[in-house]
Amino acid sequence: MNNIKERAAGNGCLRVLGVDPAAAGPTGYGIVESDGQCCRVLHYGALKSVSKQQRGWSGKALQGVHALICGLIEEFAPDAMAVESVFTALNMRTALRLAEVRGVVLLAAAQHGLEVHSYAPREVKASIAGHGHADKRQIQTMVRALLSMTVTPEPADAADALAVALCHLRAEQVRRRFGLPRKNDGTKLRSVSAAAASASATTGIRSSGTTRGGLPRIVSTR
């Protein structure tokens, strides 16, 4: 794994594993790599729930998520992980289950020494679609466009995971542009990132390709 990371670092690549944890239903995942010229998808999908076991919410469901994330980290050696945070409007039972899934995802990252960045659902939507109330279909359409995919990413959970990875790439772009410290659940970077996304929506600016640092390049559509 170290050899893969050294190769990626040597040619300026930035590889991000995006994860969309789910309390019920599939947990989405997606790996996006930027080499300084373009962003491309290496892999994406969603872990299907295990019918009876999932209904009873046994430890096997969490074990499956943990095994999936560990396998992805070992196979693709991402430089960072971006995870969607718990939605505060969820009911207590759903929020607790979602927290359990996020827990095993974070455990897998910690076991492999992988840096983790957390983003709120509305923050991800604002970064990708220009507003925080985008529906799943809009996110799928935008992810397909931003990553120049020939097909719409399915299922929607996988598209959400790709969106989280792209959100982190954009946050990194803002951090480097303004010389901000690395994001550790602080509010400053999130505020700047949200402001940048808002500006993109109101001024007709879109993402096209990437910058030299392996991040999406911003160009004007005017």
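## A walk through the sheet, its salt bridges and a pocket

Arg15 is buried, and so is Glu33, where buried means under 20% relative accessible area, exposed means over 50% and partly exposed lies in between (1.4 Å probe, protein chains only). This is a predicted model, in which local features need pLDDT of at least 70 and side-chain atom pairs count only at pLDDT 80 or more, while totals for chains, interfaces and linings use all residues. Residues are numbered from 1 along each chain as its sequence is written, and side-chain values use heavy atoms, with hydrogens and water left out.

**Salt bridges**

Let us stay with that buried pair. The side chains of Arg15 and Glu33 meet in a salt bridge at 2.5 Å, N to O; the term stands for a side-chain nitrogen of Lys or Arg within 4 Å of a carboxyl oxygen of Asp or Glu. Arg15 lies in strand E1 and Glu33 in strand E2, so the pair ties together parts that are 18 residues apart in sequence. Helices (H or I, at least four residues) and strands (E, at least two) are DSSP runs, numbered from the N terminus. Arg40 joins in as well: Arg15, Glu33 and Arg40 are linked in a network of salt bridges.

Side chains of opposite charge can pair when their charged atoms come close. How many salt bridges does the structure hold? There are five, and three of them are set out here.

| Salt bridge | N to O distance |
|---|---|
| Arg15 and Glu33 | 2.5 Å |
| Lys136 and Asp160 | 2.6 Å |
| Glu154 and Arg137 | 3.6 Å |

In the table's second row, Lys136 pairs with Asp160. Lys136 lies in helix H6 (residues 136–146) and Asp160 in helix H7 (residues 156–178), so this salt bridge ties together parts that are 24 residues apart in sequence. Is each partner buried or partly exposed? Lys136 is partly exposed, with a relative accessible area of 45%, whereas Asp160, at 10% relative accessibility, counts as buried.

The third row holds Glu154 and Arg137. This pair links distant parts of the chain, 17 residues apart, with Glu154 in the loop between H6 and H7 and Arg137 in helix H6. Glu154 is partly exposed, and its relative accessible area is 46%.

**The sheet**

Now to the strands. Five of them form an open sheet in the order E3-E2-E1-E4-E5, with mixed pairing; two strands pair if DSSP finds at least two bridges between them. Strand E3 (39–47) and strand E5 (116–119) stand at the edges with a single partner strand each, so one side of each is left without a neighbour in the sheet. From one strand to the next, the twist averages 20°. Axes here are lines fitted to C-alpha atoms, for helices over the stretch in contact, and angles run from 0 to 180 degrees between N-to-C directions.

Strand E2 (residues 27–34) pairs with E3 in the antiparallel sense over eight bridges, and Tyr29 has Gly45 in E3 as its bridge partner. E1 and E4 run parallel and are joined by four bridges, with Val19 standing opposite Val83 in E4. E4 and E5 also run parallel, again with four bridges, and here Met81 stands opposite Val116 in E5.

What surrounds E4? Five of the five residues of E4 are buried, so the strand is largely enclosed by the rest of the structure. In a regular strand the side chains alternate between the two faces of the sheet. Both faces of E4 are covered, with Ala80, Ala82 and Glu84 on one side and Met81 and Val83 on the other, all buried. Helix H4 (residues 92–111) lies across strand E1 (14–20), E2, strand E4 (80–84) and E5, running at about 175° to E4.

**Ile139 in helix H6**

Ile139 has its place in helix H6 and, at 3% relative accessibility, counts as buried. Leaving aside neighbours within four places in sequence, Ile139 is in contact (heavy atoms within 4.5 Å) with Lys125, Ile128, Ala129, Ala134, Ala159, Asp160 and Ala163. The C-alpha atoms of Ile139 and Ile128, eleven residues apart along the chain, are separated by 7.0 Å.

**The largest pocket**

Which residues lie nearest the centre of the largest pocket? They are Asp20, Glu84, Pro121, Lys136 and Asp160, from a lining of 23 residues. On a 1 Å grid over the protein atoms alone, a pocket is an open set of points where a 1.4 Å probe fits, with protein on both sides within 12 Å along at least five of seven lines, and lining residues have an atom within 4 Å of a point. The elements that give two or more residues to this lining are H4, helix H5 (121–129), H6 and H7, and H5 gives the most, with four residues.
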